[in-house]
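Biologist: I've got a model open on my screen and I'm not sure how to read it. Could you walk me through it, one feature at a time?

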Amino acid sequence: MITTYAKTLLKFRWAAIAITVLLTLGLASGGRFLVFTNDYRVFFGPDNPQLIAFEDLQETYTKSDNLFIMMEPKSGTVFDTATMQAIVDITERSWQVPYSIRVDSISNYQHTISEGDDVFVQDLIEEPELLEPEAIANIKSVALEQPQLVNKLVSSNGQVTGINITVELPSPLTEESKLLSKEERDLIDPNIALATAMDFTREMVTGFEADYPEINFQTTGIVAMNQAFPEAIEADAKSLLPMAFLVVIVGVLLFLRNVWSMVGTVLVVLFSILLAMGSAGWLGIMLTPPAASAPTVILTLAVADCVHFLVTMLQNMRNKMPKNEAIVESLRVNFTPIFLTSVTTAIGFLSMNFSDSPPFHDLGNIVALGVGYAFVLSVFFLPALMSVLPVKASVRTSNKATLMEKYADFVIAKQKLLLWAMAAIMIGFSFMAPKNELNDIFVNYFDRTVPFRVATDEVTDKLSGLYILEFDLDSGEEGGVSNPEFLKDVEKFERYVETLDGVQHVSSITETMRRLNRSMNGDDDNFYKLPEDRPMSAQYLLFYEMSLPQGLDLTNQINQDKSKTRLAVTMETRSTQQVLEFEAQTMKWMQENTPAIAAPTTGATSMFTHISMRNIISMLGGTSIALVLISLILLFALRSIKFGIISLIPNIVPALMGFGVWALLVGEVSLAVSVVVAMTLGIVVDDTIHYLSKYLRARRERGMSPEAAVRYAFNTVGVALVVTTIVLACGFMVLAQSNFLLNSQMGLMTAITIVIALIVDFTFLPAFLMLVDKDKSEKSAQDTDKLTSAPQPA
Amino acid sequence: MKAALLTSATVALTLSITTPSYAQTAEERGLEIFEQVSAQNDGFQDSTASMTMTLINRSGKKSVRRMRAKTLEVANDGDKSMTIFDEPADVKGTATLTYSHTKEADEQWLYLPALKRVKRISSKNKTGAFMGSEFAFEDIGSQEVEKYTYKYLSEEQLDGIAVHKIEAYPTYKYSGYTRLISYIDQERLVSLKTEFYDRKDVLLKTLTLSDYVHHDDKNWRPARMEMINAQTKKSTILEFSDYKFATGMTDKDFSSNSLKKLR
């Protein structure tokens, strides 16, 4: 049947090529719909409890998406006339940032002074050019004594200061908004809004740098981080894809020693990518850094399909078979294995849909599509193309087969040693796997080639970071934030949190209360404490709210009916373990000491802290289903329950060992690892299918002994397995160069796993086969194996 | 257009403005209409009203505050006004007294019953949320013509009513707005809608005034004001009831000492 198909295909080869090119161009045109995300929240599924809690918080208070501009004057102090003038000017100009709703700096900090029964509420720094040295000294002491400012907007040594710009971006586009015209939609598109705000800020900061050359500026914040996503994607696309294509070209030339085969492979790879990304565009998939790594992955996987087809074709031609016959024969031999391996690979990637993190659904689906396209292209387009191109196979020069022969001898001779040594190694590494520590430091998702990361590291180091943990403290009653019992609890908790390791700053309403109490009592320091009764607190708040400028009100700290307040803890950049400890510690403390206000942590930091564990749990199901489906396919392909079960070892163990190796090399894993097992499963299984089907054919069709069958398997597929493994490993090593941690970890770990899989298939598997497949199974050797039927030229 | 010119001419004559109407600039015309609006407001001597303020957040959750307002008309200067808070209970009895001035900064006192003291508040910038609402103190304080410069934009129809669309620019340095666009009912000379533009000249809030009631055949007063924040999607509804005019209040009722005696 496949022979008939192959012959028909070659008859209409020009039509096949034309159809492929046209369809590819048509589908690829969907690429224009691809948009890059710039919202970190895409990493969280709509049901993610931490996301829901965070959105709830955003809904209750002012949103906390921010831009943070750090200013470090070369003079070494923020408190000189020139720098203070700059702060006032920059605070004012920062209001021009599109979508800004609030600007906080030490200059517009609302300072309250009391003289008898006169209360003055004013900017801390006003018209600095008119200030006398004593006034400047006074401003400095006020700022550096103000807990709301120190280590948030000004460093405790007075050397750096920051401007915090809060932005309110439009809500995500709804279904109805799709009916609008592009111009109308762009106006309310949060992605475009964010890019607009960021572009404006960059230009503005460039202006600051020109106006104030004596000040060093650094920009960070959630908005800056969000905008770093598309920029990381773009940087990757520019560096990784050309590198990957180079790997393909060099690899294929080196192994196949045939220029036209290289051309064919490059075209198949290119078309697979165009088709998959085009389809993604038509499907409306939004590109995230993980999803944007799909082209590199597809490229790598598509090469393997081509190599299998081309190796057999070239082998046949070298054995003096005419080209078209060699193509038909290669198709006949490879159609089913390529189909099966494509299906298993696609299953592995599709199982990513179980992930809790939507970008991995997209990656899985795009790659699965790409794998499907690569399959169709390598059995439809590639044979037709090869028939048209003037391919010539040179006389065989390599001695790889004899190398494989020698290797097979070695495996057979040392089978006992290999078996036990490898078993020990496999178990040893697998046991190492749990030693990996989960760590998702979202700032470090970007490597230090990304400007956002460099700026954030510097700002975190000198002033305050992006690691903010928030508590939504509920008094349980309307107006309850003024309840002294509640305020006392909040204050106790605030004092406790301040003592914890890594805490840079705690922002709490209690500080405002203490300060107001002092102001209302003639600035008497004895009143720098919480007001004692509820009406008093409520009335102070009323006074304060009436006296504040626009954008500096309390809506970011107190909810509408004044029943809840938000306490924000800024920390140094912390590992996931440390954040989990912080969360557990604070929860335990609250339950023991202030049970009335006990609340879990929330915010972006908390979301990323739990993301890996949630994903690992959600992917357990996906990986299990993938394993079951792939095993069923293996049972079907190998027509043997026994060998299906045997195949589980070389399919599962490499991933476990991969983690073991990782534990030794790196020791920390991120969100990316949750999908690696399912992903590599679909890939490493290919080696097992190829090896076992050849082994079984030798046993069943040729009645060979296990030893001879092992030798046969090495001779027929050994080289192809080594070549595809090298190509795959190289491809994933390219991905490992990504500037985005999730992609680079995924790439490196997959590369390691694939190499381990080959080692297992080349050592443990044959030794194990020779141990368990004693000649008692000789009766079944007569079974025909229709799937991998005809003998292959050795 | 003819009608409009005629109206302007008539108005110019009645107000004894010497500038001939045909030479009137958009700025002059805007100012003129606001003077008429102000004139329409004047002559009430004093007034009292009850206010209910409903705060509505993004998810539609409501919170209610109640207060009373008293105003005393002052000739040739800004009005004196007092706001007494009734609800929530925690702030009951808290009261503010404001002398708004046309030339210099407003004066303000606050009485806090919990402290039993009157505090004089000096704050240049009162553009923030008033009681957590979408109204700034600036928005509900006395609207003096002199606090803005104006520019007449166009005549328009607003929900079937002929309106003057006029832009106003705050003269006060610490205002939270770059400009306001007001829609003035041509017939009744009251504002129906005002759009507030923030410092980056982006629409911040829209105030809709409705349910106007005619008091003593002299003054129009809105019974309902709705402020919608275009950026945060939060809104506040301010409803007025029990308007009373010319109740005979005097300066004594608007002294800082009087704040303590309120109930």
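**Reading the model together**

Modeller: Happy to. Let's start with a pair of helices: the axes of helix α24 (residues 706-735) of chain A and helix α25 (residues 741-762) of chain A come within 7 Å and cross at roughly 165 degrees. Angles over 145 degrees count as roughly antiparallel, so α24(A) is roughly antiparallel to α25(A). Keep in mind throughout that this is a predicted model.

Biologist: Is the crossing of α24(A) and α25(A) left-handed or right-handed?

Modeller: Left-handed, as α24(A) passes α25(A).

Biologist: And which residues of α24(A) and α25(A) meet?

Modeller: From α24(A), the list includes A:L721, A:V722, A:T725, A:L728, A:A729 and A:F732. Among those they meet in α25(A) are A:M746, A:G747, A:T750, A:I754 and A:L758. Sorting the contact by class gives 12 nonpolar, 4 polar and 1 charged residues.

Biologist: How do α24(A) and α26(A) cross?

Modeller: Their axes come within 9 Å and cross at roughly 155 degrees, α26 being residues 764-772 of chain A. With the cut-off at 145 degrees, α24(A) and α26(A) are therefore roughly antiparallel to each other. The crossing of α24(A) and α26(A) is right-handed. A:P706, A:E707 and A:V710 of α24(A) make the contact with A:P766, A:L769 and A:M770 of α26(A). That contact has 5 nonpolar residues, no polar ones and 1 charged.

Biologist: Let me zoom out. How many helices and strands does chain A have?

Modeller: Chain A has 26 helices and 14 strands. Its C-alpha atoms fill a box of roughly 105 × 55 × 50 Å along the principal axes. To see how the chain folds back on itself, check how far apart in sequence the contacting residues are. For chain A, 81% of the contacts with a separation of 6 or more join residues 24 or more positions apart.

Biologist: What share of chain A counts as buried?

Modeller: Of its 794 residues, 55%.

Biologist: How should I think about a core?

Modeller: Here's the general idea: in soluble globular proteins, nonpolar side chains tend to be buried together. In this model, the largest nonpolar core has 280 residues, and A:A276, A:I298 and A:I754 have the most contacts inside it. Helix α13 (residues 358-388) of chain A gives the largest share of this core, 17 residues. Another core lies apart from it, with 16 residues, including B:L31, B:Y150, B:Y177 and B:L180.

Biologist: I recognise A:I754 from the helix pair. What does A:I754 touch?

Modeller: Leaving out residues up to four places away in sequence, A:I754 touches A:T680, A:I683, A:V684, A:T725, A:L728, A:A729 and A:F732. So one residue links two of our topics: A:I754 is part of the α24(A)–α25(A) contact and has one of the highest contact counts inside the largest core.

Biologist: Now the interface. How many residues of chain A are in contact with chain B?

Modeller: 36 residues of chain A are in contact with 39 residues of chain B. On the chain A side, β3 (100-104), β5 (118-123) and α19 (534-546) each supply at least two residues. The largest share, 9 residues, comes from α19(A). By class, the chain A side has 16 nonpolar, 10 polar and 10 charged residues.

Biologist: What about backbone oddities? Where is the cis peptide bond?

Modeller: Look at omega, which is near 0 degrees for the cis bond from B:E87 to B:P88. B:P88 is in the loop between β3 (80-87) and β4 (95-99) of chain B. Then look at phi in residues other than glycine: A:R257 has a positive value, near 50 degrees. A:R257 is in the loop between α8 (222-256) and α9 (259-282) of chain A, and counts as partly exposed because 15 C-beta neighbours lie inside 10 Å. B:A246 also has a positive phi near 50 degrees, and is found in the segment after β13 (235-245) of chain B.

Biologist: One last case: is B:L207 buried or exposed?

Modeller: Buried takes 20 or more other C-beta atoms within 10 Å; B:L207 has 23, so B:L207 is buried. B:L207 lies in strand β11 (residues 203-215) of chain B. B:L207 and B:M227 are 20 residues apart in sequence, yet 4.4 Å apart in space, C-alpha to C-alpha. B:L207 also touches B:K193, B:T194 and B:M225, among others.

Key: Residues are numbered from 1 along each chain as its sequence is written. Chains are lettered from A and ligands numbered from 1 in the order in which they are written. This is a predicted model: local features need pLDDT of at least 70, side-chain atom pairs count only at pLDDT 80 or more; totals for chains, interfaces and linings use all residues. Axes are lines fitted to C-alpha atoms, for helices over the stretch in contact, and angles run from 0 to 180 degrees between N-to-C directions. Helices (H or I, at least four residues) and strands (E, at least two) are DSSP runs, numbered from the N terminus. Angles under 35 degrees count as roughly parallel, over 145 as roughly antiparallel, 65 to 115 as roughly perpendicular and the rest as oblique. A crossing is left-handed if the near helix is turned anticlockwise from the far one by less than a right angle, and right-handed if clockwise. Two residues are in contact if their C-beta atoms, placed from the backbone, lie within 7 Å. Ala, Val, Leu, Ile, Met, Phe, Trp, Tyr, Cys and Pro count as nonpolar, Asp, Glu, Lys and Arg as charged, and the others, Gly among them, as polar. A residue is buried if 20 or more other C-beta atoms lie within 10 Å of its own, exposed if 12 or fewer, and partly exposed in between; C-beta atoms are placed from the backbone. A nonpolar core is a set of buried Ala, Val, Leu, Ile, Met, Phe, Trp, Tyr and Cys residues joined through C-beta atoms within 7 Å.
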